[in-house]
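Q: Please take a close look at the ligand site in this model. What surrounds the ligand, and how do the record's annotated positions relate to that site?

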Amino acid sequence: MFMKGKKGVILGVANNKSIAYGIAKACAAQGAEIAFTYLNDSLKKRVEPIAAEFGSSDKVYACDVSNPAEIVALRESLEKDMGQIDFIVHSIAFAPKSGLSGRFYDISKEAFDIAMDVSVYSLIEVTRELKPLLSNNSSILTLTYYGGAKYIPNYNLMGVAKAALEMTTKYMAEDLGKDGIRVNAISAGPIKTLAAAGIGEFRFMLKWNEAHAPMKKNVTIDEVGNSGMYLLSDLSSAVTGEIHYVDGGFNIMGMPAVSFDEDGKQTIAWDGNK
Ligand code: 0WD
């Protein structure tokens, strides 16, 4: 039981396809006590049964991270119901649809500000607000994607937000290390979730990743969940500021791998046209 005695809060469960759900499952299986948050009333109905599944019916709170008052209210509720906590999972991102396809240089300032606020600044604000509750052996985890390190078609505005999120992870890791708080990110391969549905040509991304990743597969929320559990537990007690790829190895590829057909001619696994 790697998480026995650990208490924490997971922000960003939308349904049982969410990456945050995979992380909750892995942490609960290792004995963690988990609080959940939901964005709005329609998601509340989805999150409540999930919290019940993990024995957390009494620890479900509203928290739209774009509203600072809701983050303060979350701190007050967690303090009352859980006291000290040992981990925070930030599995939240949003960009207006206009920022997730089309010409990059057409992105509006309004869309840019919203994406940065919800997907990046929220990590800083949630951490600062919940810091008084964090134990001096705690771990914060956020979720990023390769589109924050390299160009990925249509990821556009979210790519810029993820780049900022990854650097935020590193600056926060330095700042909070002296307080016994670690901060890491998982860069997950593409997974079909609600948030992913907003990205243009997402199915193409899935097929491309599967064809060209060294492991020739897409990743699951259970696989991301298990790696997340490692980063939240004491198994990773000397790991901070990491961008940990859970993507079947896709990020190491500089070009698609070649294979040879019966005539000895070089081919690539999938050129995107079949
Ligand atoms: O391929 C993927 N699905 C990948 C996702 C690959 C690599 C990284 N990620 C990241 C996402 O960018 C995000 O940071 O993982 C994180 C979780 O995303 P997810 O599990 O793919 O998607 P989803 O199940 O939709 O959860 C994200 C949730 C929101 O869902 P919706 O679909 O309603 O936007 O983030 C929450 C919301 O529940 N969220 C907010 N929570 C609080 N305040 C807010 C907000 N303002 N906005 C969105």
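**The ligand site**

A: In this predicted model, the shell around the ligand consists of 18 nonpolar, 7 polar and 2 charged residues. Of the 27 residues around the ligand, those that come nearest are Ser18, Ile19, Asp64, Ile191 and Thr193.

Polar contacts come next. Serine 18 places a polar side-chain atom 2.6 Å from an oxygen atom of the ligand. Threonine 193 also offers a polar side-chain atom, at 2.5 Å from a ligand oxygen atom. Isoleucine 92 takes part through its backbone: a polar backbone atom lies 3.4 Å from an oxygen atom of the ligand. The ligand taken alone exposes 860 Å², and the protein buries 91% of that. The space that the ligand takes is the largest pocket.

Threonine 193 belongs to the loop between β6 (181–188) and α6 (202–212). Serine 18, isoleucine 92 and threonine 193 are also listed in the UniProt annotation "binding site", which comes from an unreviewed entry. That annotation further covers Gly12, Ile19, Asp64, Val65, Lys162, Ile191, Lys192, Leu194 and Ala195. These annotated residues span 184 residues of sequence and are spread in space as well, with up to 23.2 Å between C-alpha atoms. Of them, the lining of the largest pocket includes Gly12, Ser18, Ile19, Asp64, Val65, Ile92, Lys162, Ile191, Thr193, Leu194 and Ala195.

A second UniProt feature, "active site", is placed at Tyr145 and Tyr155, again in an unreviewed entry. Of these two, Tyr145 is included in the lining of the largest cavity. Tyrosine 145 sits in the loop between β5 (134–144) and α5 (156–177).

To put the two annotations side by side: "binding site" residues, including Ser18 and Thr193, line the largest pocket, and the ligand takes up the space of that pocket. For the "active site" feature, Tyr145 is part of the lining of the largest cavity.

Conventions
Residues numbered from 1 in each chain as written. Predicted model: local features only at pLDDT ≥ 70, side-chain atom pairs only at ≥ 80, totals over all residues. Heavy atoms only, no water. Near = heavy atom within 4 Å. Polar contact = N/O pair within 3.5 Å; in protein donor to acceptor, adjacent residues only side chain to side chain. Areas by Shrake-Rupley, 256 points an atom, 1.4 Å probe, with all protein chains shown as cover. 1 Å grid on protein atoms, 1.4 Å probe; cavity = no way out; pocket = protein on both sides within 12 Å on 5 of 7 lines; lining within 4 Å. Sits in = over half its atoms within 2 Å of the grid points. Nonpolar A, V, L, I, M, F, W, Y, C, P; charged D, E, K, R; others polar. UniProt positions renumbered as here; feature names shortened; annotations may be inferred. Helix = DSSP H or I, 4+ residues; strand = E, 2+ residues; numbered from the N terminus.
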